[in-house]
Amino acid sequence: MSAADSPVKAVLFDRDGTLVHDVPHNGDPDLVRPVDGAREAVALLRAHGIRVGVVTNQSGVARGLISDGDVRRVNRRIDDLIGPFDVWAVCPHGPDDGCHCRKPQPGLILWAAGRVCAAPADCVVIGDIGADTEAAERAGARGILVPNDRTRPQESAAAAHVAPDLLTAVRALLTGPPTGRILANERPIETAYGPGPASTGPRTADDDGRPGPAQTPSATAPGRGVFRPGDATHRDGGAARGSVVGGRRGRSS
C-alpha cells in the first residue's frame, strides 16, 4: 500500500524515550542508542511511502546545558542510525518561555506536517508521554503512546491509542489510522499499562518535574540544521530536512 492509498501520510516520532534511549540533555552523539525496533519501524514506513519525521523538545539549549550544535550532532547520529528522516522539528525553549512549539503545544506538529506536505489529520504522532499525544490532539493529528518505565500510569490510561512497542505501533498504521485503544500486540498486553520496573539508580529531574534515569547508553557521532520557528530560515521555509529548534516536552530536554 502506498501513501496515496492510506489516510496516514506521515508519522512524526518523539525523539528521546521513543526512538532512542533517553539520556538527559544529551549533547554527545556517542551516547545515542536506538530503542528496540526503531530501525525496522522507520524502514517499514519508508517502504510503504509514508513520510517520517522527528518532533522533539530540547530545553537543554535554553538552560545552557547543550548548544544548537550539540542538538544537530545528536540528530545527525540518529539520522545515520535510524533514518533518514524527512523532517526534524526541534524546540529549544524552556518550560517557562511561553513558546507555541514546545510540546504539549501543537507548533512542532503543525510545522513538521507542513514541511512534508501533509494535513495534520493525515499525520500520526508516536511518543512515550502524555505531552506527545496531547500535542498531536491539539494539532488535529492522531497520537499513539508507547509507554516505557517513565510513562505515568495516568498517561497510559488517558491515551486514545496505546502500543506495547514501536514496531507494533507502526505496523498498526500501514493499512490506515489506528482504530483501537490497545493496538495489536506481539508481547503481553500488560506491557502497555503502568510504569515499568523501578530503577534502582540515581535519577535526575525533568522539565515537567518527573524523575529521569541518569544512565549513559553508548553508540557513536553527528546533526541537522537547527532553527527556531519564526527566525529567517523558518520563515523562508528552509530545507525539508532541516531542524526547527522549537520544543521537547521536557523530559530529558
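In this predicted model, strand 4 and strand 5 (residues 142-145) run parallel to one another and are paired over 4 bridges. One of the residue pairs can be named directly, since valine 124 has arginine 142 in strand 5 as its bridge partner. Between the two strands the chain passes through helix 5 (residues 130-139), and strand 4, helix 5 and strand 5 together form a β-α-β unit of right-handed sense.

Helix 5 is mostly covered, with 7 of its 10 residues buried. The buried positions are Gly130, Ala131, Asp132, Thr133, Ala135, Ala136 and Ala139, and the elements against which they pack are helix 4 (107-115), strand 4, strand 5 and helix 6 (153-158). Helix 5 also holds a salt bridge between glutamate 134 and arginine 138, two residues that stand 4 places apart, or about one turn of the helix. Glutamate 134 is partly exposed at a relative accessible area of 31%, and arginine 138 is likewise partly exposed at 42%. After helix 5 comes glycine 140, which has a positive phi near 90°.

Strand 4 also contributes to the interior. The largest nonpolar core has 32 residues, and those touching the most other members are Val11, Phe13, Leu19, Ile82, Phe85, Ile126 and Ile144. At least two residues of this core come from each of strand 1 (10-13), helix 1 (38-47), strand 2 (51-57), helix 3 (68-81), strand 4 (123-127) and helix 7 (166-171). The surroundings of isoleucine 126, leaving aside residues up to four places away in sequence, include Val11, Leu12 and Phe13, as well as Ile144, Val146, Leu166 and Val170. Apart from this core there is a second, separate one of 21 residues, among them Cys91, Ile109, Val116 and Ala118. Such arrangements fit a broader pattern, in that nonpolar side chains of soluble globular proteins tend to be buried together.

How many aromatic pairs does a search of the whole structure find? There are 2 such pairs. In the pair of phenylalanine 13 and phenylalanine 85, the ring centres are 6.4 Å apart and the planes lie at 70°, so the geometry is edge-to-face. This pair spans 72 residues of sequence, with phenylalanine 13 in strand 1 and phenylalanine 85 in the loop between helix 3 and strand 3 (87-91). The rings of phenylalanine 85 and tryptophan 88 are also edge-to-face, because their planes are at 75° with the centres 5.6 Å apart. Phenylalanine 13 and phenylalanine 85 are both buried, as is tryptophan 88, and the ring pairs join Phe13, Phe85 and Trp88 into a cluster.

The number of salt bridges comes to 8, and three of them, including the one already described within helix 5, are set out here.

| Acidic residue | Basic residue | N to O distance |
|---|---|---|
| Aspartate 14 | Lysine 103 | 3.0 Å |
| Aspartate 86 | Arginine 51 | 3.2 Å |
| Glutamate 134 | Arginine 138 | 2.6 Å |

The bridge between lysine 103 and aspartate 14 ties together parts of the chain 89 residues apart in sequence, because lysine 103 lies in the loop between strand 3 and helix 4 while aspartate 14 lies in the loop between strand 1 and helix 1. Both lysine 103 and aspartate 14 are buried, and they belong to a network of salt bridges that links Asp14, Lys103 and Asp132; Asp132 is one of the buried residues of helix 5. The salt bridge of aspartate 86 with arginine 51 likewise links distant parts of the chain, the loop between helix 3 and strand 3 and strand 2, over 35 residues. Aspartate 86 counts as buried at 19% relative accessibility, a value just within the cut-off of under 20%, whereas arginine 51 is partly exposed at 32%.

Some backbone features remain to be described. Most residues other than glycine have a negative phi, and most peptide bonds are trans. A cis peptide bond nevertheless joins glycine 83 to proline 84, with omega about 10°, and proline 84 sits in the loop between helix 3 and strand 3. Another cis bond, with omega about 20°, joins lysine 103 to proline 104, which is located in the loop between strand 3 and helix 4.

Is histidine 25, with its positive phi of about 50°, buried or exposed? Histidine 25, in the loop between strand 1 and helix 1, counts as buried at 18% relative accessibility. Cysteine 117, whose phi is also positive and near 60°, lies in the loop between helix 4 and strand 4 and counts as exposed at 74%.

Notes: Residues numbered from 1 in each chain as written. Predicted model: local features only at pLDDT ≥ 70, side-chain atom pairs only at ≥ 80, totals over all residues. Heavy atoms only, no water. Core = buried A, V, L, I, M, F, W, Y, C linked by side-chain atoms within 4.5 Å. Buried < 20%, exposed > 50% of the residue type's maximum accessible area, 1.4 Å probe, protein only. Contact = heavy atoms within 4.5 Å. Pairing = 2+ DSSP bridges. Right-handed = clockwise from strand over helix to strand, strands pointing away. Phe/Tyr/Trp six-rings, centres within 6.5 Å; stacked < 30°, edge-to-face > 60°. Salt bridge = Lys/Arg side-chain N within 4 Å of Asp/Glu carboxyl O.
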